[in-house]
There are 2 protein chains.
Amino acid sequence: MLMKDGMNSRILLDSAKSCILASSPVFRRQQFLIRCVGGSIDHQRNFRDMQTLRALEVDSESVVRAITPALDPTRHKGQAGNIAVIGGCREYTGAPYFAAISALKIGADLSHVFCTKDAAPVIKSYSPELIVHPVLEESYSIGEECKRSISSKVVAEVDKWMERFDCIVVGPGLGRDPFLLDCVSEIIRHARQSNIPIVIDGDGLVLVTNNVDLVSGYALAVLTPNVNEYKRLVQKVLNSEVNDVDAPQQLLSLAKQIGGVTILRKGNSDLISDGDTVKAVNIYGSPRRCGGQGDILSGRQVSVAVFLSWARQHILAANSNINLSCKNPTILGCIAGSALLRKAASLAFLNNKRSTVTGDIIECLGKSLEHICPAS
Amino acid sequence: MLMKDGMNSRILLDSAKSCILASSPVFRRQQFLIRCVGGSIDHQRNFRDMQTLRALEVDSESVVRAITPALDPTRHKGQAGNIAVIGGCREYTGAPYFAAISALKIGADLSHVFCTKDAAPVIKSYSPELIVHPVLEESYSIGEECKRSISSKVVAEVDKWMERFDCIVVGPGLGRDPFLLDCVSEIIRHARQSNIPIVIDGDGLVLVTNNVDLVSGYALAVLTPNVNEYKRLVQKVLNSEVNDVDAPQQLLSLAKQIGGVTILRKGNSDLISDGDTVKAVNIYGSPRRCGGQGDILSGRQVSVAVFLSWARQHILAANSNINLSCKNPTILGCIAGSALLRKAASLAFLNNKRSTVTGDIIECLGKSLEHICPAS
């Protein structure tokens with residue numbers, strides 16, 4: 001009896017310990033690490049039908065070569081792409097910078113950033129190559145009574161430039177301020193009215209997941225979710241959990257459900273669908289996942305934006321004589337954008353190993369493109 | 001009758017559709033894309049008389065060698081050129097930085113920037129090599145009642161330095177604020193009174209196109225328009241469209257019409273005229289047209305400013321014993337400035353291919369000049 005009591009006491013003690021542990025930061029951190037390690041293994045294992053995945057793989061380097069414009073001295077500034085990044089707030093300035101400078105390093109002619117007034121001087125100071133517009137506003141700096149007029153002004157400032165852009169990228173370093181996100185929703189609506197392609201990433205995906213109508217049915221929208229962003233999107237739109245066993249089919253359903261937008265599901269293999277077809281890009285990337293890479297390697301958004309612009313121009317110039325099986329510029333942009341970033345990351349990792357940071361990958365963009373598609 | 005009515009209705013409907021289309025952003029965007037794709041091809045074809053162009057070509061490298069001052073330990077700071085860039089506002093900080101730093105990289109001794117208060121800390125942060133004056137003001141930061149007094153103050157701040165400058169460059173990143181442009185008009189008038197050479201580029205050209213009298217008849221003024229800026233200038237001054245078939249003759253007429261200012265028409269071949277003679281610079285540049293290049297490669301303004309200063313010094317020192325067929329320092333400055341930038345851009349492109357950004361070209365300025373004209 002005494003012994004039994006003793007056992008009960010131990011069980012009670014263990015249970016109390018678990019309670020304390022569960023609430024401790026150490027424990028939560030351990031759980032997080034286990035999820036991180038386990039998550040990716042499961043993720044990999046769960047792609048049971050690797051053959052299906054291989055069947056979906058495209059010759060992405062051929063796509064890069066087909067849509068990259070020839071360099072021609074008769075062309076003038078802006079013809080190789082004018083890209084705008086909507087992002088950058090008091091807290092985040094690195095992500096929009098990395099996105100915008102990458103556009104230039106891939107070969108776009110002009111790269112703009114639309115950010116808050118606090119973020120602008122910092123982003124400007126990273127590089128004189130960018131055109132940085134301090135036009136966005138966050139709730140903390142404005143009174144309730146002037147929100148409407150400021151919102152109109154913010155949207156008008158972006159509108160002045162809208163028609164010049166070949167693609168806008170919404171999300172890098174955008175933050176979660178409700179007023180700012182309301183303004184950005186309006187900017188997305190205006191871009192859509194003007195038929196400007198939109199690539200949505202990072203905090204832009206939070207916005208779109210909460211209001212799918214913003215992009216629903218817009219064929220020139222591209223979403224580039226990572227594992228967690230994809231999970232939330234699936235839960236919201238398909239009302240189910242992520243199914244890694246038949247990932248391509250689920251991605252296809254998701255893209256179809258959002259009215260044929262294109263989704264690039266970032267992962268070990270990048271999966272791409274517009275609700276009509278599914279493609280995979282497997283070219284080897286880097287095993288290292290540094291902070292900013294979320295904005296360039298995992299995000300791949302600007303690379304997609306530049307190639308999307310080029311694909312659109314290529315399709316327009318060639319009329320119907322396109323030597324490509326797929327004729328959707330958003331799919332072509334995703335394939336080429338994904339391939340280039342994976343190659344650049346792999347090259348940067350070779351040079352820098354564990355030290356690899358986002359700037360190293362950006363420095364490898366030009367060499368990677370030159371390797372796939374020599375300029376002359 | 002019914003059929004005819006039907007046809008008429010259809011025509012009416014089509015016409016109505018066209019009207020709606022023409023005003024829609026989608027249509028305007030498509031037209032813009034078509035212009036981008038098609039426009040440049042026409043431009044190339046229209047230079048029918050390539051032989052004429054070749055006949056105008058000058059040995060630009062000889063001009064560079066003739067006017068570049070020898071490096072001499074007895075000379076003191078400032079003798080190799082003191083250049084001022086008037087530009088840089090809330091929106092643009094890259095362009096004035098690129099211009100000012102290029103002056104130093106070519107070999108000027110001192111390089112100043114006069115910009116707005118917002119732009120100054122950012123431009124300063126790009127490089128400690130520059131002298132940056134936060135003196136310009138934009139409308140948004142001042143009340144209507146104090147515009148006159150602030151304008152006088154702004155002009156006085158620049159005036160304090162004016163006589164020390166060998167050349168001022170007006171335009172890079174100037175923006176379009178009406179108050180700021182009024183102040184800059186006054187600065188141009190003062191520079192002219194002091195006989196300081198003025199190179200006008202970018203937004204400075206918008207100002208001058210709207211008020212040609214600012215520079216008309218001033219032999220030390222140089223305008224460096226790109227394709228679009230040139231088009232607007234021709235429309236305003238000659239009241240006609242750009243004629244690519246006889247481009248040299250039209251440029252000559254334009255320069256003569258503005259009272260003998262020098263115009264560097266940037267393009268595949270750079271064409272230069274002072275209303276008296278026409279020269280062409282064809283040394284191969286880069287096929288890449290990135291944003292900042294608009295301010296350095298296409299602009300070529302600061303390179304022109306430095307060589308103009310040197311040419312003027314050279315002519316002054318040599319009295320009439322100049323071993324050059326042309327004795328106009330603005331023409332000599334344009335020829336040498338154009339040649340050096342094209343060479344640097346070509347070198348940068350060899351190293352960086354599609355990734356070439358303006359900073360890469362600036363890094364090649366010194367090597368290019370050294371190649372044409374070794375320092376020792």
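In chain B of this predicted model, helix α9 (residues 203–210) packs against helix α10 (residues 227–237), with the two axes 10 Å apart and at an angle of about 5°. Angles under 35 degrees count as roughly parallel, and α9(B) and α10(B) are therefore roughly parallel to each other. If you would like to look at the contact itself, α9(B) brings L205(B), T209(B) and N210(B), while α10(B) brings E229(B), R232(B), L233(B) and K236(B). Sorted by class, the contact of α9(B) with α10(B) has two nonpolar, two polar and three charged residues.

Staying in chain B, let us turn to a strand. H133(B) sits in strand β3, which covers residues 131–136. Is H133(B) buried or exposed? With a relative accessible area of 10%, H133(B) is buried, because buried means under 20% relative accessible area. Which residues does H133(B) touch, once its neighbours within four places in sequence are left aside? The contacts of H133(B) are H112(B), V113(B), F114(B), C115(B) and W161(B).

One of those partners, C115(B), leads nicely to the cysteines. How many disulfides does the structure hold over all chains? The count is zero. Two cysteines show how this looks in distances. C89(A) is in no disulfide, and the nearest cysteine sulfur belongs to C115(A), 9.3 Å away. C115(B) is in no disulfide either, with the sulfur of C89(B) as the nearest cysteine sulfur at 9.3 Å. A disulfide needs a pair of cysteine sulfur atoms within 2.5 Å, so the 9.3 Å from C89(A) to its nearest cysteine sulfur does not qualify. As for accessibility, C89(A) counts as buried at 1% relative accessibility, and C115(B) is buried with a relative accessible area of 0%.

Here are the three buried residues discussed above, side by side.

| Residue | Relative accessible area |
|---|---|
| C89(A) | 1% |
| C115(B) | 0% |
| H133(B) | 10% |

Finally, a wider view of chain A. Its secondary structure comes to 16 helices and nine strands. Chain A has 376 residues, of which 56% count as buried. How does the chain fold back on itself in sequence terms? Taking the contacts in chain A between residues at least 6 apart in sequence, 68% join residues at least 24 apart. On the outside, chain A exposes about 16400 Å², and carbon and sulfur atoms supply 52% of that area.

Technical notes:
Residues are numbered from 1 along each chain as its sequence is written. Chains are lettered from A and ligands numbered from 1 in the order in which they are written. This is a predicted model: local features need pLDDT of at least 70, side-chain atom pairs count only at pLDDT 80 or more; totals for chains, interfaces and linings use all residues. Side-chain values use heavy atoms; hydrogens and water are left out. Buried means under 20% relative accessible area, exposed over 50%, partly exposed in between (1.4 Å probe, protein chains only). Helices (H or I, at least four residues) and strands (E, at least two) are DSSP runs, numbered from the N terminus. Contact means heavy atoms within 4.5 Å. Accessible areas come from the Shrake-Rupley method with a 1.4 Å probe; for residues, only the protein chains shown count as cover. Axes are lines fitted to C-alpha atoms, for helices over the stretch in contact, and angles run from 0 to 180 degrees between N-to-C directions. Angles under 35 degrees count as roughly parallel, over 145 as roughly antiparallel, 65 to 115 as roughly perpendicular and the rest as oblique. Ala, Val, Leu, Ile, Met, Phe, Trp, Tyr, Cys and Pro count as nonpolar, Asp, Glu, Lys and Arg as charged, and the others, Gly among them, as polar.
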